[in-house]
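The following exercises concern a predicted model. Each task is followed by a solution that proceeds step by step.

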Amino acid sequence: MKTLISRFIKEESGATAIEYGLIAAGIAIAIITAVQGVGTQLSANFTTISTSLK
């Protein structure tokens with residue numbers, strides 16, 4: 001039983017998977033934020049062009 005608990009404490013693969021998950025979530029949030037900013041700017045540009053063409 002002692003060796004089983006010792007092995008469980010030394011196991012780090014679960015922690016590594018969680019770290020990779022957090023990194024992936026951070027990257028996804030950064031991408032979503034960037035795309036929203038670009039989308040807003042593009043919408044404003046198209047509105048300006050549309051108004052100019054009328």
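**Exercise 1.** Determine in which helix Phe8 is found, and decide whether Phe8 is buried or exposed.

*Solution.* Step 1: Phe8 belongs to helix H1. Step 2: the relative accessible area of Phe8 is 68%. Step 3: the cut-off for an exposed residue is over 50%, so Phe8, at 68%, is classed as exposed. Step 4: in space, the C-alpha atoms of Phe8 and Glu19 are 18 Å apart, with their positions 11 residues apart in sequence.

**Exercise 2.** Assign Ile9 to its helix, classify its accessibility, and state which residues make the nonpolar surface patch.

*Solution.* Step 1: helix H1 covers residues 2–10 and includes Ile9. Step 2: Ile9 has a relative accessible area of 64% and is therefore exposed, the threshold being over 50%. Step 3: Ile9 contributes to a nonpolar surface patch together with Met1, Leu4, Ile5 and Phe8. Step 4: the area of this patch is about 640 Å².

**Exercise 3.** Classify Ser6 and Ile32 by accessibility, and give a C-alpha separation for each.

*Solution.* Step 1: Ser6 lies in helix H1, whereas Ile32 lies in helix H2, which runs over residues 13–53. Step 2: partly exposed residues fall between the buried limit, under 20%, and the exposed limit, over 50%. Step 3: the relative accessible area of Ser6 is 30%, so Ser6 is partly exposed. Step 4: Ile32, with 49% relative accessibility, is likewise partly exposed. Step 5: a distance of 40 Å separates the C-alpha atoms of Ser6 and Ile31, which are 25 residues apart along the chain. Step 6: for Ile32 and Thr16, 16 residues apart along the chain, the C-alpha separation is 24 Å.

**Exercise 4.** State how many helices and strands the protein has, and explain why it is described as more spread out than a compact globule.

*Solution.* Step 1: the secondary structure consists of two helices and zero strands. Step 2: for 54 residues the globule rule gives 10 Å, but the radius of gyration is 24 Å, well over that value; the protein is therefore more spread out than a compact globule. Step 3: along the principal axes, the C-alpha atoms fill a box of roughly 80 × 10 × 10 Å.

**Exercise 5.** What percentage of the residues count as buried, and what percentage of the exposed area do carbon and sulfur atoms supply?

*Solution.* Step 1: 0% of the 54 residues count as buried. Step 2: the protein exposes about 5000 Å², of which carbon and sulfur atoms supply 71%.

Technical notes:
Residues are numbered from 1 along each chain as its sequence is written. This is a predicted model: local features need pLDDT of at least 70, side-chain atom pairs count only at pLDDT 80 or more; totals for chains, interfaces and linings use all residues. Side-chain values use heavy atoms; hydrogens and water are left out. Patches are made of residues with over 30% relative accessible area and no salt bridge: like charges are joined within 9 Å, nonpolar side chains (Val, Leu, Ile, Met, Phe, Trp, Tyr) within 5 Å. Accessible areas come from the Shrake-Rupley method with a 1.4 Å probe; for residues, only the protein chains shown count as cover. A salt bridge is a side-chain nitrogen of Lys or Arg within 4 Å of a carboxyl oxygen of Asp or Glu. Helices (H or I, at least four residues) and strands (E, at least two) are DSSP runs, numbered from the N terminus. Buried means under 20% relative accessible area, exposed over 50%, partly exposed in between (1.4 Å probe, protein chains only). The radius of gyration is taken over C-alpha atoms; the globule rule is 2.2 Å times the number of residues to the power 0.38.
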